[in-house]
Amino acid sequence: MKKNVVATTIGGLKEMIDHNHTGLLCQPDNPAALAEAVEILMNNKELAKALRDNAYLHAVNSMTFEHMMEGMLDTYQQAMKA
């Protein structure tokens with residue numbers, strides 16, 4: 001969808017978002033950090049565009065159903081070998 005992402009490091013988000021590459025990550029329970037990250041994106045249009053473009057490419061290349069199924073099948077095959 002090519003939207004900028006600002007998220008906290010709660011749960012699996014930090015594994016999905018590469019800070020300063022595909023989005024901005026903040027510590028949880030820190031509204032000031034979230035506001036600062038949003039302000040950075042609003043004031044730095046070049047960074048905002050780069051993060052959107054990087055996130056889109058990452059999603060297209062690594063987050064497709066086919067890619068996730070290949071990873072799951074590989075995990076099962078490795079488990080069966082063990």
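The following exercises, each with a worked solution, concern a predicted model of a protein chain.

**Exercise 1. Confidence**

Determine where in the protein chain confidence is lowest and where it is highest.

*Solution.* Begin with the chain as a whole: its mean pLDDT is 94, and 100% of its residues reach 70 or more. Then turn to the individual elements. Helix H1 (residues 13–16) has the lowest confidence, with a mean of 89, whereas strand E2 (residues 24–26) has the highest, at 98.

**Exercise 2. Two helices in contact**

Establish how helix H2 is oriented relative to H3, and which residues make the contact.

*Solution.* Two packed helices are described by the angle between their axes and the distance between the axes. Here the axes of H2 (residues 31–43) and H3 come within 5 Å, and they cross at roughly 105°. Angles of 65 to 115 degrees count as roughly perpendicular, and therefore H2 is roughly perpendicular to H3. Next, identify the partners: H2 contributes Ile40, Leu41, Met42 and Asn43, while H3 contributes Lys45, Leu47, Ala48 and Leu51. Sorted by class, the contact of H2 with H3 comprises six nonpolar residues, one polar and one charged.

**Exercise 3. The largest pocket**

Describe the volume and the lining of the largest pocket.

*Solution.* First, the volume is about 230 Å³. Second, 13 residues line the largest pocket, and those nearest its centre are Val5, Ala55, Tyr56, Ala59 and Met63. Third, consider the origin of the lining: helix H3 (residues 45–62) supplies the largest share, five residues. Finally, classify the lining, which divides into eight nonpolar, two polar and three charged residues.

Definitions and conventions. Residues are numbered from 1 along each chain as its sequence is written. This is a predicted model: local features need pLDDT of at least 70, side-chain atom pairs count only at pLDDT 80 or more; totals for chains, interfaces and linings use all residues. Side-chain values use heavy atoms; hydrogens and water are left out. On a 1 Å grid over the protein atoms alone, a cavity is a set of points where a 1.4 Å probe fits but cannot get out, and a pocket is an open set with protein on both sides within 12 Å along at least five of seven lines; lining residues have an atom within 4 Å of a point. Grid points are joined across faces, edges and corners, and a volume is the space filled by probe spheres set on the points. Helices (H or I, at least four residues) and strands (E, at least two) are DSSP runs, numbered from the N terminus. Ala, Val, Leu, Ile, Met, Phe, Trp, Tyr, Cys and Pro count as nonpolar, Asp, Glu, Lys and Arg as charged, and the others, Gly among them, as polar. pLDDT is the predictor's confidence in each residue, from 0 to 100. Axes are lines fitted to C-alpha atoms, for helices over the stretch in contact, and angles run from 0 to 180 degrees between N-to-C directions. Angles under 35 degrees count as roughly parallel, over 145 as roughly antiparallel, 65 to 115 as roughly perpendicular and the rest as oblique. Contact means heavy atoms within 4.5 Å.
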